[in-house]
Every structure is written in C-alpha cells, then in structure tokens.
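Colleague: Got a minute to go through this model with me? I'd like to hear the reasoning behind each answer too.

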Amino acid sequence: MLQLILTLIIYLILVIPVGRYLYKIAAGKHTFADPVFDRVDGVIYKLGGVEPDKGMNWKQYALALVGSNAVMIAIGYLILRIQGIPFFNPNGIEGMEATLAFNTIISFMTNTNLQHYSGESGLSYLSQMTVIIFMMFVSAASGYAACVAFIRGLAGRVTDNVGNFFADLVRITTRVLLPFSLVGGLLLVWQGVPQNFSENVVVKTLEGTYQILGMGPVAALEIIKHLGTNGGGFFGANSTTPMENPTILSNLIELYSMMLLPGACVITFGKMVEDGRRQHQKNNASGNTLPAEQEGIIARIFGKEGKSIFLTMGILFLAGLSLCYWAELQGNPLLADIGLNQSAGSMEGKEVRFGIAQSAMFTTVTTSFTTGTVNNMHDTLTPLGGMVPLLHMMLNCVFGGKGVGLMNMILYAILAVFICGLMVGRTPEYLGKKIDGREMKLTALGIIIHPLLILAFSALAVATAAGQAGITNPGFHGLSQVLYEYASSAANNGSGFEGLADNTYFWNITTGIVMFLGRYLPIVIQLAIAGSLIKKTYVNESAGTLRTSTVNFAVILVFVVYIFAALTFFPALALGPIAEHLTIWG
C-alpha cells in the first residue's frame, strides 16, 4: 500500500508543472524555450507550406487530421510489405503478410498499437523506426491536437475557428513529445535498455544453454511508446522483459511517462476554460463571477472545471486500482487446493522484480490511460483483477490517452448536465453554453459508438467459426479474451489477453476495422460538438445554474459513468470475468 500511495503522490507532484507547460503550448503562450522552438517550427512550416496563423473550422480541422493520417497509413503499409529489403535489416526479417500489415498500420496510426506479431521477429529496424516509432509520435500528436481543438470549442468565444491542425501537430511534437522523449530515453538507457543497430546477440547462459538477446533502437521506441500512450513493444513480451523494462526505476519512468500528459490535459482544459470565462467577463461587465472563497489552491492549479474532471477521473482510477490490487492479493484458491502457496497472492504471469503492487498499478494505469503496454501478462490475472483493465477500457474516460480520454469524459459531463436539467425542468448548460438538441444527439452518438463496436464485434466473433478458432480457453475466460480484444481495439489501447490466437485473417481484419472506427468516428463527432458550441454566446450564471466545478458534480459524474457502464456492459461482464470469479471461489 505504501508503494502505491508514494507512487501516486509523486505523480501529483510531477503532473502540475507538466500541465502548466502543456497549457502554455496549447494556448500559444510564451515559454522559456520559444527562442529555440520558434526557429525549428518555422523551418517545418516553410517546408510543409503551413500557414500557422490561418484558422480552421471544425470540418476543416477534422478533414486535415483524417486526411494526413490516411496518407501516412498508405506509406506505412508499403514499408511493412517491403521491409525484407537488406536495409536496416541485420536479422533478415521478411516482408509482412497483407492482412497483418493492414492490422499493424491501422493499429499504430490510430494510437492503438495492438500487436498480432512479435516485434523482435516480425519487424526490421527500418520498420521499427520509420513506421512504428514515427507513427507513435504522429498518432499521439494528432490525438493531443484534436483535444486542444475540442477545448477551444468549449472555451472559445463566438467564432468559427478551432485552430490550425498542422500548427498544433508541429508544436505538440517539437515542444512536448520530442524533448520529453529525449530526456526519458536517456534515462532508460541509463537503466540498461538497449539503443543500437546491432544484430541480435546469442549468449551462453549459466545453465549451459543458448539464448538470443534482442538488440536494436529499443530505448527510442520505449519512451514514446509510453509518453504518447501508444503501448506497442519492441519485443513480444513488451515491458515484462528486462530488455524493455529492466529495473524498478525503469518501471517508474515508464509508469509516469504514461500518466503525465493525459493528466496534464485536464489541467490544460481547466485553465483554458478559465481564460474563456475571464475574456467573457471582461467583455461583459454584467457577467457573474464565482465567489472568491471558491478560489482554493486546487482550483488555481487545475482550474475550477479541471478540478471536478480530475477528481472524477481520480475516483474511477482509485476504485479500479483498489479492486485489482485486492483481487491479486487473494490468490487463486484452485492452486491452493493442489498445495501451491497462495498466501502472498497470485504471482502467476508477474515479474518478481515488480511484485503484486507494481503489477496492479501498471495494469490499472496502462488501461486507464489507454496505453496498452504491460509489465505482467493480463491473461493470467485473477478474474476480478482482469475485469478492472477490461472495464476501464470499456469506460474509456478514466484519464484516457493522448487527450481523447478527456474528450470522452466531457461527453459524459454534457450527459450529466442534461440529466440534471431534466430533473429540474431547465435547459442544460455546460461551461456557460446552452446544450441544445444538436449537441445532445451528437453526444449520445459519440457515447454509443464505443459499446456498439465492442459488443457487436464480440458477438460476431463468438458466433462464427473463424472467430471461435482464436479462442484458446473454454468457457467464461474465453469470452473474456474476446471482450478484451475488442475493448482494447475500440479504446485504442492495444493490450490483450495474449492467450487469444489473433494473427488470422478474421482477427486481423475485424480488429483493424474496430480500431479505425473507434479512433476517428468519436474524434469527428467531438470536433462537431466543439464547432457547435464555439458559435454560442455565453449564458450568465443564475440561481438555477448547475455548478459543474464542484465536488458534488464530480460525484454525479462518477455515478453517470458507472450507471452507463452497468446498463451497457454488465451482461457481458457477468458472462465473462464475474462468472469465472464465482466459479473459482464457489
């Protein structure tokens, strides 16, 4: 417990300055590094023909995002198919099969990083660098750019400008992802993560057998894998292997890399909304201000609205972490029945150097912040321990990754104010904007797409011979494997219950479709909501206004998220991990 508490306290200390820095980048404010980065960005704008001051409406922004991503998908697919050429390919890796290449390129461009291959045997160094690492930067920057545009729409004045996608993409890459990756990558090299272009090394072990040690630009991939909430490992065993994650310090570096930017996005949201309100009050002398006593230190750090959103996400995260940690501590009674000691909990599939505490923390973080990297095998978690990452991917708003989790939580916030408005017979308002029928229809559509993709494709998998062929565990756990695969794909997470035999035409194509739709449909809908709200005038607060910056609203929001999840996913969870738990402990 002390490990977990200290880990979270250190995170809160780190996320505040990172959040303030990300806010300045998103809002276009001055930072100490501008003299350097302004020159770098200027060169990129000139080479790319970008006019950074030319704004876009939400349709232009969405088209620029999807169009540029589509071009990179085509180029990346070609590289994967021809990677067998003798160029940065010292291990002689062959070109990737067509459906696997389709799945891989969709996976990495959508920031999912679901892997139906093992990196050390499936990719050349050319593909690892020009496709995998490159896409990790661009996909993460695309998600953060969409989030920034979304926030501008919520906080902006009456206009039709949510920013310039290409300028946002460049600024986030050069001023956030690259410098953070450089520092973090050096820290990982310091801890023993390889960074070279050597071929694999064959060594003789102490037992007298031979083992192949993978080499390559591992550290460069590892840091952006976590910092960009990507998750795809250089090796098939991901961050469970010492070649990717050798020590407890490297584990913490990777853990905080996953958590920092999604948490910082909430601070950015809160402070940008405050900027919008101040501008409104400046332009409208009759605008009401909140009482001075509500301006506490937490509100000053996170912004009033950011405070309630961060608290909501924090409650959901802590509830999941507590359940996962407790479940793994209980061990497996079936193993105890045959004489195996389970008094210390279930260590199956976990690394001894991390133990149950840091394994439960990593599991909860990677699926709450939708990264997908693993430092233990999720397929071997206890049923309730495995239900936590599955549920958090189904919710897809517990911090989330690359800004998209925040956008999903805002949809639930809009839904919450709508429900509360119905209770008192008042038109709902959020962030000083009235929520009308158009916004509610888009919100409902944005929320329902995620469970539709998960449940519909899971039903397809268990109803067809091609889908059933990949299930390696009978009964309840087999259903959990299927649910996990599609929840991971729809949430753009990428982790898996790796017992699933997923490198087949069926699984490659269906998960590729789910990843694509799960990424771009919600982003386009959320940008449409932002484009609608940015045109609306502010509504002054009154006695009937629901304050969304309070602890009470955070509690309401938690219940709205859980009730929606219970109504949508409980039947499937009851047939999977819950039934498995009751069977084991029955």
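What follows is a short back-and-forth on helices, a surface patch and a few backbone angles.

Modeller: Sure, and keep in mind that this is a predicted model.

Colleague: Which helix supplies the largest share of the nonpolar patch on the surface?

Modeller: The patch is made of Leu182, Val183, Leu186, Leu187, Trp190, Ile248 and Leu249, with about 710 Å² of accessible area together. Two helices, 165-190 and 248-283, each give at least two of those residues. Five residues make up the largest share, and they come from helix 7.

Colleague: Is Trp190 buried or exposed?

Modeller: Trp190 sits in helix 7 and belongs to the nonpolar patch. The cut-off for exposed is over 50% relative accessible area. Trp190 has 58% relative accessibility, so it counts as exposed.

Colleague: Where is the kink in helix 7 centred?

Modeller: End to end, the 26 residues of helix 7 reach 36 Å between the first and last C-alpha, close to the 38 Å expected. There is still a kink of about 35°, and its centre is Thr173.

Colleague: Which residue caps the N-terminal end of helix 7?

Modeller: Look for a side-chain oxygen by the backbone nitrogen of Phe166. The two atoms lie 3.0 Å apart, and the oxygen belongs to Asn164. At the other side, just after the helix, Gly192 has a positive phi of about 110°, but the N-terminal cap is Asn164.

Colleague: How many residues of helix 6 are buried?

Modeller: Helix 6 covers residues 125-155 and reaches 44 Å from first C-alpha to last, close to the 45 Å expected. It bends by about 30° at Met135. The helix is mostly covered, and of its 31 residues the buried count is 28.

Colleague: What is the phi of Phe399 near?

Modeller: Most residues other than glycine have a negative phi. The loop between helix 14 and helix 15 holds Phe399, and Asn396 is in that loop as well. Asn396 has a positive phi near 60°; for Phe399 the value is also positive, near 70°.

Colleague: And what is the relative accessibility of Phe399?

Modeller: Buried means under 20% relative accessible area. Asn396 meets that cut-off at 11%. Phe399 counts as buried too, because its relative accessibility is 4%.

Colleague: Last one: what distance separates the C-alpha atoms of Ile419 and Val560?

Modeller: Ile419 is in helix 15 and is partly exposed at 33% relative accessible area. Val560 is 141 residues away from Ile419 along the chain, yet their C-alpha atoms are separated by 9.1 Å.

Definitions and conventions. Residues numbered from 1 in each chain as written. Predicted model: local features only at pLDDT ≥ 70, side-chain atom pairs only at ≥ 80, totals over all residues. Heavy atoms only, no water. Patch = residues over 30% accessible without salt bridge, like charges linked within 9 Å, V, L, I, M, F, W, Y side chains within 5 Å. Areas by Shrake-Rupley, 256 points an atom, 1.4 Å probe, with all protein chains shown as cover. Salt bridge = Lys/Arg side-chain N within 4 Å of Asp/Glu carboxyl O. Helix = DSSP H or I, 4+ residues; strand = E, 2+ residues; numbered from the N terminus. Buried < 20%, exposed > 50% of the residue type's maximum accessible area, 1.4 Å probe, protein only. Expected span 1.5 Å × (residues − 1). Bend = angle between axes of the 7 residues up to and from the residue. Polar contact = N/O pair within 3.5 Å; in protein donor to acceptor, adjacent residues only side chain to side chain.
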